[in-house]
Amino acid sequence: MAHAPREIILAKNLGFQYVGARRAAIEGIDLSIRENEFILLTGPSGCGKTSLCRCLNGLIPNFYQGEWTGELLVDGLSVTTQLTSELSRRVGYVFQNPENQLFALTVEKDIAFGPENLGLSREEIRQRVDEAMNVTGTLPLKDLAPYELSGGQQQRVALAGVLAMKPSVIVLDEPTSFLDPRTAEEVMRATDDLRRELGLTIVVVEHRLDLVARYAERIVVMDAGKIVADGDLEETLDEKFDLLEGLGVGVPRVSLLWTMLRRDGLVSGKVPTHVESAASSLAGMMNQ
Amino acid sequence: MITLEKVSFTYRSGQRALQEIDLNLEGGDFIAIMGENGAGKTTLAKHLNGLLKPSQGRVLVDGEDTRKVSVARLSRKVGLVFQNPDHLLFSETVKDEVAFGLKNFGFAPEVVHNQVTRTLEALGLSEYAETSPFLLSGGERKRVALAAILATEPDYLILDEPTIGQDYQQKERLRNFILQLYSQGKAVVMITHDVEFVAESNPKVILLSQGRIVAQGPADSVLSKDELVKKASLVRPQMSRLFGELTKYGLPSDVVDVHRARILLEEKLSEAKVRVAQNS
Amino acid sequence: MSLRTLEGFKFSTLKTPVHLLDPRTKFLLVIAVLVPALLFANIYVMIALLLSQVPLLFVGKVARRWALSLRAGVFLSALIFVVNLFTGSYLSAIALTLRFLVLLTSFSLFFMTTSPDDLGLALDRIGAVRWLSRRWLGYPNALSFTFTTAVRLVPTLAVDAQTVVDAQRSRGLELDKGNLLKRVRNYIPILIPLLLIAIRRSLELAEALESRGFPGKEGRTSLFQLKLRPVDYSIIAVSLAIIGISFWVYFHYKIPVL
């Protein structure tokens, strides 16, 4: 009998203001994330999504100074009492710029970097590196230098490096900004595959909803530092479409199309979030 | 008019970046250059203002061969906005930054002052005139870089990946701005892989692959062809993929724009409604 | 002197026998060349030292790049030759110019066949470096890590430098015009963006590293470790012998220039 997945991230009235900033980057954040969820975090530029992500792995408050309010528990640990190095075992972070997160001379050494920092035995490190390379398909790249790789390959290597830490949560902050559309889709699909295979919890920050809509079940929308919507992706797009559009969130074109047709009374039913579901919904409407 | 005549370019390392490119660019054009990483897009852009000279063939800007004219002189007519604004910004204030190009071109101080004021206003940056560019956000810095190039009013504007990292509203603003520019008679060239942005802006699309032009034409025709799109490591716009699944209902597949999609669907759906009403 | 000359010192990822030697062995080899080169000013010695390194250049497959580093040294060599013509005999000028080339070759060979990572690993093992690192930066491996990261980032920064030059030229900046003062001022629009890009990059990198547990509470393990193999030991023995013999000869005989 299946039991409810445990709560892996809990934020209560979380807030943070960077030193010297005029207003808080995030405030009053109440958020509960369960294991194995795939969450899309979005909102207009400057809404605080990156700041929230930084709290999740401890970069805030360890790397970024400022005023912290409220509570954040990650895997039972309170973020304010842990060093980033401790939290990095639980929460992995993939950054936007593929190049600036890889630095070793070879892919293999870069992936080994994280486990090396954990002081594990050489055999354990070896095993983790091999596993991570296998699962991300980066084994053929292992002796290449990171700057010789394409953007997509770099992001996969970054993912491998994060996976070698064996985290339970992976945060990806606009990981596909610099990638071409085809590679972006591959990276997203790979992320979802990993989530299923390894039981990971995924949080993706992305402006372009259509990229992630096929995989994310839940959407959290932020504006001016606060959460303004949090719920099932399909339902939120359905019920709060105008809010999202008003905020300037990049709603999927198919969702926009459906909303326009629904307003004219030509279709009825829930707003589809990606091409396949839109196609079948429209086919349904036209078959009548 | 900028003309590329059978332009080929090989890097010193032996890598062949462009092969026999023929291209014309004139005022009022709005073009998107798309292609996979390494297809030669940025290399092509650098030929337009003389940063790179062709190994074979020639590039003419308003009749002048780029090999015979300095980059500084060509930059008066051809504005190239680099992808990362941090490669440009160095001044104490946004005002100084935008004035830099004008000063290099030797304009009188009053002219410089007026142009700077005008350009800042046009891009919504007036409030930051006395601010240090380094204190601004990423999106704002991108606008400052754009202002810096626009201040000298080049006839040809080339934007390298202008939409990366921008949210939807910022892209809307950019789109409207580009519309203004080419309707004013400038030529705007955009290097991008943002398929949806191109689908909504409807430029002429030039698809580059491995240094060659493999397709050119209106966005809806080029971007709805699967093999072409795959070659360029792109994805068909949502509308095109949607309509690709609905062809058995008699819908065309070369639709990329939401509004055209809506109109086409309105017809079919109204018919279906009528059928439903008749049958009941 | 163009940037091409730096190619003569850049590490090339190959797996030749020379590359596979422990960096400490290679460094000792450099010392074994340095000591006789500095102790003696004899032309035959210099030629011998130079020629003895040539096989290593070929085995290490870096002979062509070495030629580039020589080209870099041409100007300096000529300078040394001319200066010494005035201060000594022309024979000593030759000897000293040769000495410069010997040292250049030795260092060039070292850097071309030793990866920055291995250098870092070697530095990590040196007690003095660890101690300094702990005093200065709080962690024993921080110093060697700083060094190797700096080396790794050089090619990326070089690309950025070119981009900045391109970007500013596209705004009408002319780097080859004007008097000396103007030319120097013209480099401000190049240096400032580059500096900021470097700073921003290092901050992003720092974030990424911290997100992967650097520097770690407990001791840090290394997946790869340096191992001294029999061939290392033999070369170390030979190097030490050469150093020992050089000193002995120096103190017992007077070796003329020719």
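Lys77(B) sits in the loop of chain B that runs between helix 2 (71–74) and strand 6 (78–81), in a model that is predicted. Because its relative accessibility is 24%, Lys77(B) counts as partly exposed, whereas Gln19(B), at 15% relative accessibility, counts as buried. The points below take up these two residues of chain B, then chain B as a whole, and finally a surface patch on chain C.

**Lys77(B) and its surroundings**

- When residues up to four places away in sequence are not counted, Lys77(B) touches Val61(B), Asp62(B) and Glu64(B), and it also touches Pro154(B), Asp155(B) and Tyr156(B).
- One of these partners, Val61(B), is separated from Lys77(B) by 16 residues in sequence, while the C-alpha atoms of the two residues are 8.4 Å apart in space.

**Gln19(B) and its surroundings**

- Gln19(B) belongs to strand 2 of chain B, which comprises residues 16–25, and its relative accessibility of 15% falls under the 20% limit, so that Gln19(B) is classed as buried.
- Once neighbours within four places in sequence are left aside, the contacts of Gln19(B) are with Val7(B) and Ser8(B) and, further along the chain numbering, with Gln210(B), Gly211(B) and Arg212(B).

**Chain B as a whole**

- The secondary structure of chain B consists of 11 helices and 10 strands, and its C-alpha trace extends over about 75 × 45 × 30 Å when taken along the principal axes.
- Chain B has 280 residues, of which 57% count as buried, and Gln19(B) is one residue of this chain with that classification.
- Among the contacts in chain B with a separation of 6 or more, 60% are accounted for by residues that lie 24 or more positions apart.
- The area that chain B exposes is about 11,800 Å², and 47% of this area is supplied by carbon and sulfur atoms.
- Chain B carries 35 positive and 36 negative charges, and the mean positions of these two sets are 5 Å apart.

**A nonpolar surface patch on chain C**

- On the surface, Trp131(C), Leu132(C), Trp136(C) and Leu137(C) form a nonpolar patch, and together these residues have about 480 Å² of accessible area.
- Where in chain C does Trp131(C) lie? Trp131(C) is found in helix 7 of chain C, which covers residues 127–137.
- Trp131(C) has a relative accessibility of 49% and therefore counts as partly exposed, since the exposed class begins over 50%.

Methods: Residues are numbered from 1 along each chain as its sequence is written. Chains are lettered from A and ligands numbered from 1 in the order in which they are written. This is a predicted model: local features need pLDDT of at least 70, side-chain atom pairs count only at pLDDT 80 or more; totals for chains, interfaces and linings use all residues. Side-chain values use heavy atoms; hydrogens and water are left out. Helices (H or I, at least four residues) and strands (E, at least two) are DSSP runs, numbered from the N terminus. Buried means under 20% relative accessible area, exposed over 50%, partly exposed in between (1.4 Å probe, protein chains only). Contact means heavy atoms within 4.5 Å. Accessible areas come from the Shrake-Rupley method with a 1.4 Å probe; for residues, only the protein chains shown count as cover. Lys and Arg count as positive and Asp and Glu as negative; His and the chain ends are not counted. The place of a charge is taken as NZ of Lys, CZ of Arg, CG of Asp or CD of Glu. Patches are made of residues with over 30% relative accessible area and no salt bridge: like charges are joined within 9 Å, nonpolar side chains (Val, Leu, Ile, Met, Phe, Trp, Tyr) within 5 Å. A salt bridge is a side-chain nitrogen of Lys or Arg within 4 Å of a carboxyl oxygen of Asp or Glu.
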